[in-house]
Amino acid sequence: MSDQHTCLPRFLLVLLLLVQLLGYNGVEGTRDLLEREDQELEKQLKLMNKPAVKTIKTQYGDIYDCVDFYKQPAFDHPLLKNHSFHFEMKPTSLPKRKRDQVSSEDKEPIHIGLIGGGCPVGTVPIRRVTKEDLIRERNASKVMSFADNTLGAHYAVVRTRAGQNKFNGAGATLSLHNPRVSGRQYSAARFMLQNGADTIQVGWRVDPTLYGDSKTRRFIRLDAGQSHCFNTRCPGFVHVRSDIPLDLVYPQISIPGKAVYEVQLYIDRDLANGNWWLLVGDDNTQVGFWPKRIFTGLADMASYAEWGGEVFGPPGTPTPGMGNSAFPTGDAHYDSYFKNVEIIDGGGQNIDAYNTEPFTDNMSQYDVFDHEDTDLRHLVVYGGFPSPPSG
């Protein structure tokens with residue numbers, strides 16, 4: 001009995017020492033892992049954020065670095081390195097837009113650029129990526145993959161039918177809204193050009209995962225080769241305007257039946273060199289372009305286009321409202337809409353989009369109407385309400 005009593009405390013002492021040692025190593029291992037992740041994030045930030053000539057902070061807390069034109073993210077693309085765009089910075093053969101002849105007393109102007117003149121000549125505004133941005137996006141990617149995103153997305157769009165002739169651009173005037181989103185949800189209004197696996201999207205978006213807030217922002221998206229990203233988050237888009245950022249906040253939002261705020265957006269292909277230009281505002285300001293050399297399918301004309309709304313909620317969770325978060329009624333004073341819906345044909349003439357069809361993948365929640373030959377020319381109205389929480 002005495003031997004057993006003597007051995008027991010020794011056993012407990014050894015066990016206690018082992019627990020402490022394992023605990024210490026576990027904490028140290030966790031600390032080492034966190035330090036490595038932090039170093040990796042810092043390395044990413046240095047690659048993504050270019051040296052700034054000037055820094056501009058907006059009233060919404062965004063920081064824009066004024067980056068030398070030839071040091072902007074676009075030139076990280078392997079097909080653009082050491083390439084000079086001296087003769088391509090201004091389009092040479094874009095068609096002239098039809099002016100919007102429809103007067104509307106409740107249509108309100110919006111400001112599309114940085115207040116105060118923007119960046120110095122020769123530089124462009126690039127929104128600074130923060131460590132919080134990277135952590136937020138990394139955490140989201142750990143929970144869901146690109147395939148999950150596809151599964152959780154819903155669409156209400158008007159699209160060109162198969163077999164339509166190829167075309168050199170598309171555009172419309174979009175009403176601006178701020179649907180309520182939370183968590184990893186997003187809600188967007190956009191139009192898209194596509195040929196093969198290459199796509200370009202332009203519109204507005206409410207996306208806390210991407211931006212860290214729930215404001216309505218302009219966005220572009222590129223899918224071509226190894227580039228799959230928004231705005232300037234991966235190389236490919238050559239930004240040329242010193243006063244107009246890609247992902248600015250739209251502060252004025254439409255109020256159904258009252259004030260209507262809208263923005264005109266176009267993607268146009270330069271017939272001389274094949275570059276795709278982003279044009280914004282009533283005066284079709286040239287913001288920048290996607291060079292022909294980064295594409296395969298869109299190295300030629302587009303073969304497909306669509307206009308409408310897109311929403312997302314992770315699988316098994318609710319999805320947010322689309323547009324003005326209400327079913328469309330057919331009245332542009334109340335609905336979320338795309339008006340003056342156009343394509344640029346093979347000859348470079350801009351015409352109302354034709355031979356189109358509506359498509360909705362969840363008709364119980366979202367809908368879209370395709371109205372040709374109205375007072376607002378080709379009109380697309382769309383929308384839908386958020387789904388209720390399960391249970």
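The second largest cavity in this predicted model is a good place to start looking around. Its lining is made up of Ser175, His177, Ser254, Ile255, Pro256, Ala259, Val260, Ala332, His333, Tyr334, Asp335 and Tyr337. By residue type, this lining divides into 7 nonpolar, 4 polar and 1 charged. The space inside the second largest cavity is about 40 Å³.

How many cavities of 30 Å³ or more does a search of the whole structure find? There are 5 of them. Rolling a probe the size of a water molecule over the atoms is what shows where such empty space is left.

The largest cavity holds about 80 Å³ of space. If you would like to find it on screen, look for Arg127, Arg128, Val129, Asp133, Leu210, Tyr211, Asn231, Thr232, Arg233 and Asp247, which line it. In this lining, 5 residues are charged, 3 are nonpolar and 2 are polar.

Next comes a sheet. Which strands form it, and in what order? The open sheet has 3 strands, arranged β1-β2-β4, and their pairing is antiparallel. At its edges are β1, covering residues 52-57, and β4, covering residues 123-127, each of which pairs on one side only. From one strand to the next, the twist averages 30°.

Strands of a sheet are held as partners through backbone hydrogen bonds, in either a parallel or an antiparallel way. Here β2, residues 63-68, pairs with β4 in the antiparallel sense over 5 bridges. To see the match between the strands, pick out Val67: standing opposite it in β4 is Val124.

Arg127 links two parts of this tour, as a residue within the range of edge strand β4 and as one of the residues that line the largest cavity.

Finally, turn to the aromatic rings. A search of the whole structure finds 9 aromatic pairs. A pair of this kind is described by the distance of the ring centres and the angle of the planes. Phe69, Tyr70 and Phe75 are joined into a cluster by ring pairs.

Rings also meet charges in this model. The table lists two arginines whose charged ends sit over a phenylalanine ring.

| Charged residue | Ring | Distance from the ring centre |
|---|---|---|
| Arg205 | Phe219 | 5.2 Å |
| Arg221 | Phe230 | 4.8 Å |

So which ring does the charged end of Arg221 sit over? That ring belongs to Phe230, while Arg205 has its charged end over the ring of Phe219.

Methods:
Residues numbered from 1 in each chain as written. Predicted model: local features only at pLDDT ≥ 70, side-chain atom pairs only at ≥ 80, totals over all residues. Heavy atoms only, no water. Pairing = 2+ DSSP bridges. Helix = DSSP H or I, 4+ residues; strand = E, 2+ residues; numbered from the N terminus. Axes fitted to C-alpha atoms, helices over the stretch in contact; angles between N-to-C directions. 1 Å grid on protein atoms, 1.4 Å probe; cavity = no way out; pocket = protein on both sides within 12 Å on 5 of 7 lines; lining within 4 Å. Points joined across faces, edges and corners; volume = space filled by probe spheres on them. Nonpolar A, V, L, I, M, F, W, Y, C, P; charged D, E, K, R; others polar. Phe/Tyr/Trp six-rings, centres within 6.5 Å; stacked < 30°, edge-to-face > 60°. Lys NZ or Arg CZ within 6 Å of the ring centre and 35° of its normal.
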